[in-house]
Amino acid sequence: MQIILSDYQDQLVKGLSHRMNNILTLFHGYLGLLLDNEKLDPVTQEGLAKIKDGARVATELMDRTNALVRPSNLMPREIAFDEFLNQLAPTFEKLRTFGTTISIECADDLPQVWADASRIRLALTELVKNACEATASGGAVRIVVEATEASPKESYFPASQPQPTSWVTVSIIDDGAGIAKGMEAQLYEPFSTTKKKHIIAGLGLTVAMGCMQQIGGAIDHERSGGKTTFRLTLPSRLGGKLKAVA
Ligand SMILES: Nc1ncnc2c1ncn2[C@@H]1O[C@H](COP(=O)(O)OP(=O)(O)OP(=O)(O)O)[C@@H](O)[C@H]1O
Ligand SMILES: [Mg+2]
């Protein structure tokens, strides 16, 4: 299932997000000043603290929304994946829930990925976060990186361009309970979540999918042998030489 933002929707989300960020900057500035006033009565102070928390959640929502739109400055480059993952290890460590172990396995002689690294980092972080949440009561998360010449079934790579001759797959495998009943059909849809009391939850997979759309990659998932796998497929060498995705 693929959700692709049209140019019009992309513009609209970008415009809204830009304006909302300006409004939120004002909120944060003035709330900070008001809360510094020690003469405020406790009721007003409590009310302002609640508004401040609401503004923080709104800022977080806008940050995640920003990840959905096409950045004007996509910067594809060669990425050596083993090095790239090593740099990300501290980020994964922060996502790790109590009792969860995270291991990284990279195949030898991986071809270099050709894509914007920021998009891969975002998508990967969301998937590792989900896997850690799925194994929150203790479990194992494996990140397995391999090369393949087989094109993914459904990729966002522009059909008009020479197709990559090889791809790098990054599988995030966890031994949690699996995808909840009824979630499967709307998994990648915005705000589709099993989290309770999180008003801005349900954007992780939408963001990951949006990132793959922007770099011409693919995302899919499967459940087998008691394990859940979410897999990113990333373009490597294109038609024998390196070339940017439009
Ligand atoms: N590895 C996984 N195992 C089981 N269920 C998963 C896994 N990854 C995602 N899901 C399910 O998909 C839903 C949507 O995931 P998504 O990342 O989009 O949002 P979220 O994790 O609920 O919230 P957010 O990422 O915004 O904090 C999750 O609520 C969960 O039910
Ligand atoms: Mg998530």
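Reader: Which residues are closest to ligand 1?
Author: Ligand 1 is surrounded by 21 residues, each with a heavy atom within 4 Å of the ligand. This is a predicted model, where local features need pLDDT of at least 70, side-chain atom pairs count only at pLDDT 80 or more, and totals for chains, interfaces and linings use all residues; side-chain values use heavy atoms, without hydrogens and water. Residues are numbered from 1 along each chain as its sequence is written, while chains are lettered from A and ligands numbered from 1 in the order in which they are written. The closest residues are Arg64, Asn130, Thr193, Thr194 and Lys195.

Reader: Which element supplies the largest share of the shell around ligand 1?
Author: Helices here are DSSP runs (H or I, at least four residues), numbered from the N terminus. Helix 5 (204–215) and helix 4 each give the shell at least two residues. The largest share, five residues, comes from helix 4.

Reader: How far is an oxygen atom of ligand 1 from a backbone N or O atom of Leu203?
Author: Polar contacts pair N or O atoms within 3.5 Å. The side chains of Thr193 and Thr194 each place an N or O atom 2.5 Å from a ligand oxygen. For the backbone of Leu203, the distance is 3.0 Å.

Reader: How much of the accessible area of ligand 1 does the protein cover?
Author: Accessible areas come from the Shrake-Rupley method with a 1.4 Å probe. On its own, ligand 1 has 600 Å². The protein covers 93%.

Reader: Which residue meets Arg64 in a salt bridge?
Author: A salt bridge puts a side-chain nitrogen of Lys or Arg within 4 Å of a carboxyl oxygen of Asp or Glu. Here the N to O distance is 2.9 Å. The pair links distant parts of the chain, from helix 2 to helix 4 (residues 117–134), 62 residues apart. The partner of Arg64 is Glu126.

Reader: Is Glu126 buried or exposed?
Author: Buried means under 20% relative accessible area, exposed over 50%, and partly exposed in between (1.4 Å probe, protein chains only). Its partner Arg64 has 15% and is buried. Glu126 has 10%, so it counts as buried.

Reader: Which residue is about one helical turn from Glu60 in helix 2 and meets its side chain in a salt bridge?
Author: The N to O distance is 3.4 Å. Both residues are partly exposed: Glu60 at 38%, its partner at 43%. The two are about one turn apart because they lie four residues apart in helix 2 (residues 42–66). The partner is Arg56.

Technical notes
Polar contact = N/O pair within 3.5 Å; in protein donor to acceptor, adjacent residues only side chain to side chain.
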